[in-house]
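Colleague: I'm new to this one, so could you slow down on a single part for me? I'd like a close look at the salt bridges.

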Amino acid sequence: MLRKLLGSLFFRLALLVVTVVITTQFFSFWMASNERHKLLERQLYIQVLDTLSYLEDSMTGMSNEERQAFLDNYNRPGLPSLLPFNADQGQTFADDLPKIGSMLAQRLSHDLNEPIQAHYARREDHSELWVHVHVLDQPYWLVIPFGRYRDRWINPLLQASLLAALFATLLASLVAWRITRPISRVVQASRELAGGSMPQTIPETGPREVQLLAHNFNSMALALDNAARERRLMLAGLSHDLRTPLTRLKLTLEMQEASTDQHDMLSDIDELSRIVRQFIDFARAEETSRLEPVALADLAGSVVARFRREDMDVRLDIRSEVELQADALALERLLSNLLENARRYGRPPVIVRVERLESEIALSVIDHGAGIPAALRESALAPFERLAEHRGTDGGSGLGLAIVARIVKQHDGKLELADEDGGFKVAIHLPAS
C-alpha cells in the first residue's frame, strides 16, 4: 500500500510542490535573517558610535578622578557602560560570538583602522557584548546589553515562515488532488473495463488534457460495450437459429428406417446441438443477472443427478451446507460445463465437492485423468482454445472453461486449476454471503 502511494502521481506532485515551497520559504527566511542581522548590526554600530561620541565629549578636559566619578555615575544596570580595561579580569566569556557581534567587530576594525576585540558574556538574567575601545586614547571596555540583539532560532519570522509553508503545502496538495482525481477515476474505470464490466461514465472535468483523456476513455468504453453487445446478439441469434434446423434434421433422421450410419449421424447432430448450446451459454455469460440466495449443495445435487442418469460415474461430497448470493442458472451452467469436461477429458470417478473455507465457499470438480499441463492452464481459459494436441480432436467448441471463467468473474470469485491426488481439480472459490 505504501509503495503504491509513493509511486502515485498525486504523491509526486505533492512532493514537488512541498519541495518548491520549502525551498522558497528557506531561501526567504535566509534572506530575511541576513537582512535582520544587517539591520541590527547597523543599529548596534550607530549606538556604539553615539555612545563613544557622547563619552568623549563629556570626559574631554576631565582629570582622572573626575572621569572616574563621571563613569561611576554614568554606568547603570541595563544601559551601556564604560569599564576600565582591566575590568575583564575574572569575567567568563562565551566561546562563541554572536553573528551580530562578529559583524560589529569587523565593521569597527575597518572604520577605525585597528583590530577590535569583542566578547560575549552570558549572565543569569541578561547577556552582554564587551567591545574593546579607546576613549581619549585610553583603553576601555564598552559593555552593551545584548538582549535586544540576541539571535533567536524560534522567532516570529520563523513561525510565520513555517505557517506560510504549511498553508501553501495544504493548498498545493488540495490542488494536486483535484488534478489527479479525474486521472484516478480513469484508472479505476479501466480496471473495471479490464475486469469485464462496463464502468460508469467518467465526469469530463479538470484540465483540458484530463478532460480529453476522460472523453476519449468514455468513447472507447462505449464503443467496446456496443461491440460486445452486438457480438452477444449475433452469437445468441445465430446459435438460436441453428437449433431449429438441427432439431428438424434430427427428427427426420429418427423417422427414417434404421441404417448403419443413422446412429453416428444422430450423435453428430447431438454434438452440434451441444456446441450451439455452449455458444448460447457463452453469450449469456457476459450478461449480468440478478443475484439471489442459492443453496449450493442442493444445486450441485440436482446437476449431479442429471449426469448420473446419463450413466456418468460422478459422486457428491457435501462437506458444508452453504448458501450464497449468486445466479443459480449461471452456477448450473458452470457446474454442467465442468462435469462435461471431466466426462470428455478426465477419468472416473468424478467428485463434486462443496465446502466452506474460512470467508469463502469452494465448489470443486475432481477427476482422475491427466488434466491440463501447468504451462497451458492459463491459455485453456481463453475462448475457443481446445488444446487439441493434448486432448484429441473430439469436435468440441473450446468454450467450456471460458464460460466457467466468465461466470466466476461475474461472481467476484477465483478459478483454480491444480493437480489433486493423482488426478485433476478445478476449484471455484466464491465469496460467502
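Modeller: Sure. Buried means under 20% relative accessible area, exposed over 50% and partly exposed in between (1.4 Å probe, protein chains only). This is a predicted model, where local features need pLDDT of at least 70 and side-chain atom pairs 80 or more, while totals for chains, interfaces and linings use all residues. Residues count from 1 along each chain as its sequence is written, and side-chain values use heavy atoms, without hydrogens or water.

There are seven salt bridges (a Lys or Arg side-chain nitrogen within 4 Å of an Asp or Glu carboxyl oxygen). Start with Arg343, whose side chain meets that of Glu310 at 3.0 Å, N to O. Arg343 belongs to helix 9, and Glu310 to the loop between helix 8 and strand 6 (314-318), so this pair ties together parts 33 residues apart in sequence (helices, H or I, at least four residues, and strands, E, at least two, are DSSP runs numbered from the N terminus). Both ends are partly exposed: Arg343 has a relative accessible area of 32%, and Glu310 has 42%.

Arg343 also pairs with Glu340, at 2.7 Å, N to O. Those two both sit in helix 9, three residues apart, or about one turn of the helix. Glu340 counts as buried, at 13% relative accessibility. Through shared partners, salt bridges join Glu310, Glu340, Arg343 and Arg344 into one network.

Now look at Arg319 and Glu355, whose side chains meet at 3.6 Å, N to O. This pair links distant parts of the chain, 36 residues apart: Arg319 is in the loop between strand 6 and strand 7, and Glu355 is in strand 8. Glu355 counts as buried too, at 15% relative accessibility.
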